[in-house]
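Please open the structure in your viewer and keep the sequence at hand. We will walk through it together, one part at a time.

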There are 2 protein chains.
Amino acid sequence: MTQAAPVIETNREDNGTPTKAVDWENPRVAAILSAAAKCFARKGFSATTLAEIGKELGLRKSIVHYYFASKAALIHEVQSYTYNKYLARVKEAIASDSSGNRAVNALVSLWDAIQNNKTGTGLNIEVWSAARRDSELKRRASGLHRDAQQIIADSVAEALKAHGHDLARKDVVATLILAVLNGLSVTEYLEDDERKAREAYDLFIKLLTGSQPGSNGQPSS
Amino acid sequence: MTQAAPVIETNREDNGTPTKAVDWENPRVAAILSAAAKCFARKGFSATTLAEIGKELGLRKSIVHYYFASKAALIHEVQSYTYNKYLARVKEAIASDSSGNRAVNALVSLWDAIQNNKTGTGLNIEVWSAARRDSELKRRASGLHRDAQQIIADSVAEALKAHGHDLARKDVVATLILAVLNGLSVTEYLEDDERKAREAYDLFIKLLTGSQPGSNGQPSS
């Protein structure tokens, strides 16, 4: 895959996959990635053109091309960018919490981060679908999925352990938590019923921690 | 949506959606639907043609057209057909069980039915993705999703209650169970790791029932 833009390689120790190849700090790059995420989540990869993404920002197609050599390159970058923004928000929410039941709060933060990022849900579904036809996309999606599990393992599963809920291996707990978040995102998207999905998530929190958000002085949303 | 094939309408009371409009008992119709499910799950809706589906069965495209007026009609029918076959398998597995911990066994059956139907996972992901661009597909996907929840509520959640695990409303339990199944299907598909997904599912069973498959004389797969 070739890319026209200046690249910053971030070396990764786990599997050697750089998740950050394009300069996300460049405001124009960030604007293109955000606009592309919206277009892709709304219409899907195949129905979206680079020209349309440019149009959202009042940019000519050639400018988009300057930063991203192909639609495939842009898709891969949008995926990493959106997922990493989500993960950063999750880390921040978890780190800033100093109150009572840290595990419950962290689980609520994971949920809230998804609720504030509906584009992310649409994009995830598009990535899962397209990954069957694009091995590079699947490789990246798989890496990002594992990154998310790792962050959840380091935060939520760790907090559960600290509270004496030593149910299982942290990686297994993290795998289950991410699956519940993904599965309930699909529920909410298919049924257009945020309350139903949230009730199921609250039950999951109760099963996992023994306490429910809202029942111990925590905000329930 | 027009359909060339003889139709059997099944009236539904909940939302008036007929899930069975084409004669699934017709061996040729069933063969086309099965072949289409495989093609769609492998390559996606847009990259698959009616001619290719016919080719899988040694049928001319015109024969496929005789039964399904359009690719859209075929997609909608494949979705209902595959999902209903899955639900029938689940119901059968649950009904035939007369042994010890019925709730645990039913949960294991739900998992096994997905493992024996990888085409179903690929097709689900394709449906979730395409549903954003096809409101009829979304309406059907939403209905089938609720059907699955209902079956789970009537079987597993009922069994949990019978065993004294009256954790929450049955519909909430069923919503969570289906979300876990969907979410872990995605995990397994993205990471190509059946064992990892299964370990997380076993943890979920333990959280929900207090016992683990295999730990009470039940088979673990």
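What follows is a tour from the overall fold to the packing of single side chains.

First, the ground rules: this is a predicted model, in which local features need pLDDT of at least 70, side-chain atom pairs count only at pLDDT 80 or more, and totals for chains, interfaces and linings use all residues. Residues are numbered from 1 along each chain as its sequence is written, chains are lettered from A, and side-chain values use heavy atoms, with hydrogens and water left out.

Let's begin with chain A, which has 9 helices and 0 strands (DSSP runs numbered from the N terminus, H or I of at least four residues for helices and E of at least two for strands). Of its 221 residues, 56% are buried, meaning under 20% relative accessible area, with exposed over 50% and partly exposed in between (1.4 Å probe, protein chains only). Take the contacts (heavy atoms within 4.5 Å) between residues at least 6 apart in the sequence of chain A: 69% of them join residues at least 24 apart.

Now turn to helix 5 of chain B, residues 102-115. Its end C-alpha atoms are 20 Å apart, which agrees with the 20 Å expected for 14 residues (1.5 Å times one less than the number of residues). Because 12 of those 14 residues are buried, helix 5 of chain B is largely enclosed by the rest of the structure. Its buried residues, including B:Leu107 and B:Leu110, pack against helix 4, helix 6, helix 7, helix 8 and helix 9 of chain B.

B:Leu110 also appears in the largest nonpolar core, where it is among the residues that touch the most other members, as is B:Ile177. Such a core is a set of buried Ala, Val, Leu, Ile, Met, Phe, Trp, Tyr and Cys residues joined through side-chain atoms within 4.5 Å; this one holds 82 residues. Leaving out residues up to four places away in sequence, B:Ile177 touches B:Leu107, B:Leu110, B:Ile152, B:Val156, B:Phe204 and B:Leu208. A second, separate core has 66 residues, among them A:Ile32 and B:Phe45.

Finally, look at the rings: there are 13 aromatic pairs over all chains (Phe, Tyr and six-membered Trp rings with centres within 6.5 Å; planes under 30 degrees apart are stacked, over 60 edge-to-face, the rest tilted). A:Trp111 and A:Tyr201 are stacked, at 4.7 Å centre to centre and 20 degrees between the planes. Since A:Trp111 lies in helix 5 and A:Tyr201 in helix 9 of chain A, the pair ties together parts 90 residues apart in sequence. Both residues, A:Trp111 and A:Tyr201, are buried.
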